[in-house]
Amino acid sequence: MQSGPVPAGIPVYGEGTPKGTVITMKWKDWVHVTKLDPDKQLKTGDIDAIAASGTDALMLSGTLNVTQENLATLQKQLMAYNLPLVMEPAGPEAVLLQGIDYVFVPSVMNTTDVQWIVGKHRAWVQQQKGRIPWGSIVPEAYIVLNPNSSVGKVTRSICDLNADDVAAYTTVADRYFHFPIVYIEYSGTFGDPAVVKAASDAIDKSVLYYGGGINSAEKAAQMSKYADTIVVGNAVYDQGASVLKATVDAAQ
């Protein structure tokens, strides 16, 4: 697990930082990210609790039924909280750029369909016609490991991988393709710590993200041993935002 310098001058907002103040967003130093799905509804007061939890950033991300409209609605709800906002698009048809600090763009390493590696990315470049803010783009190498998840099904990923397979994919993503982020995605189920450890051991320069099934301090602490950054999403909707604080404390 490695960290390193990031470009200065990216407009971001830390706790207590007024809008309009430019500071350096050290995304490589984040240890906890909260993933929010535009297709799901938060309960009254949940956003206040999420913002107060200590999470390092908020990620707008989903696999199904993501539109420009529901993304914009979610973004509007979050803008007042002075937390970094990350857009993680599922495809070129729904991507927010305005008011977003970074766009984390996934490529799925273990997909059987090339569009999820580079095809949708080519379409996005053509669609944007030179308007992509490349200084804010962070490519992610996804390794999807839950065959029953929406992302596993949609991307047609080969998910029955062992620790050696995942370590090899990690090495390819890190040392060959030079992805800034390698993301181990169990999406809705808690993964095998031995697999995440294998990915961590294989990492040279990439930042290792883990997402999937973190709904307690114990699980957060377990995966934080190996991942640089843990991502918590479903627990916010399934158990309420109050569980988030415990996962943040465990990760930090």
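**Helix H3, aromatic pairs and the H7–H9 contact**

In helix H3 (residues 119-128), the buried residues are Gly 119, Lys 120, His 121, Trp 124 and Gln 128. These assignments refer to a predicted model. The cover over the buried residues of H3 includes E4 and strand E5 (137-144). Directly after H3, Lys 129 adopts a positive phi of about 50°. An α-helix has 3.6 residues a turn, so residues three or four places apart point the same way. Among the buried residues of H3 are His 121, Trp 124 and Gln 128.

Aromatic side chains were examined next. Ten aromatic pairs were counted. Trp 27 and Phe 104 form one aromatic pair, with 5.7 Å centre to centre and 65° between the planes, and the geometry is edge-to-face. This pair joins distant parts of the chain, 77 residues apart: Trp 27 lies in the segment before strand E1 (32-36), and Phe 104 lies in strand E4 (residues 102-108). Trp 27 has a relative accessible area of 4% and is therefore buried, the limit being under 20%. Phe 104 is likewise buried, with a relative accessible area of 0%.

Phe 190 and Tyr 210 form an aromatic pair whose ring centres are 6.4 Å apart; the planes stand at 75°, so this pair is edge-to-face. Phe 190 and Tyr 210 also link distant parts of the chain, 20 residues apart, with Phe 190 in the loop between strand E6 (181-185) and helix H6 (193-202) and Tyr 210 in strand E7 (residues 207-211). Phe 190 is partly exposed at a relative accessible area of 24%, whereas Tyr 210 is buried at 0%.

One aromatic cluster is formed by Trp 27, Trp 30, Tyr 102, Phe 104, Tyr 142, Tyr 183 and Tyr 209. The cluster thus includes Trp 27 and Phe 104, the two residues of the edge-to-face pair at 5.7 Å.

A helix pair was also analysed. Helix H7 (residues 217-224) and helix H9 (residues 242-251) have axes that come within 8 Å and cross at roughly 30°. Angles under 35 degrees count as roughly parallel, and H7 and H9 are therefore roughly parallel to each other. The crossing of H7 past H9 is right-handed. On the H7 side the contact is made by Ala 217, Ala 220, Ala 221 and Ser 224; on the H9 side it is made by Ala 246, Thr 247, Ala 250 and Ala 251. Six residues of the contact of H7 with H9 are nonpolar, two are polar and none is charged.

Definitions and conventions
Residues numbered from 1 in each chain as written. Predicted model: local features only at pLDDT ≥ 70, side-chain atom pairs only at ≥ 80, totals over all residues. Heavy atoms only, no water. Axes fitted to C-alpha atoms, helices over the stretch in contact; angles between N-to-C directions. Helix = DSSP H or I, 4+ residues; strand = E, 2+ residues; numbered from the N terminus. Parallel < 35°, antiparallel > 145°, perpendicular 65-115°, else oblique. Left-handed = near helix turned anticlockwise from the far one by under 90°. Contact = heavy atoms within 4.5 Å. Nonpolar A, V, L, I, M, F, W, Y, C, P; charged D, E, K, R; others polar. Phe/Tyr/Trp six-rings, centres within 6.5 Å; stacked < 30°, edge-to-face > 60°. Buried < 20%, exposed > 50% of the residue type's maximum accessible area, 1.4 Å probe, protein only.
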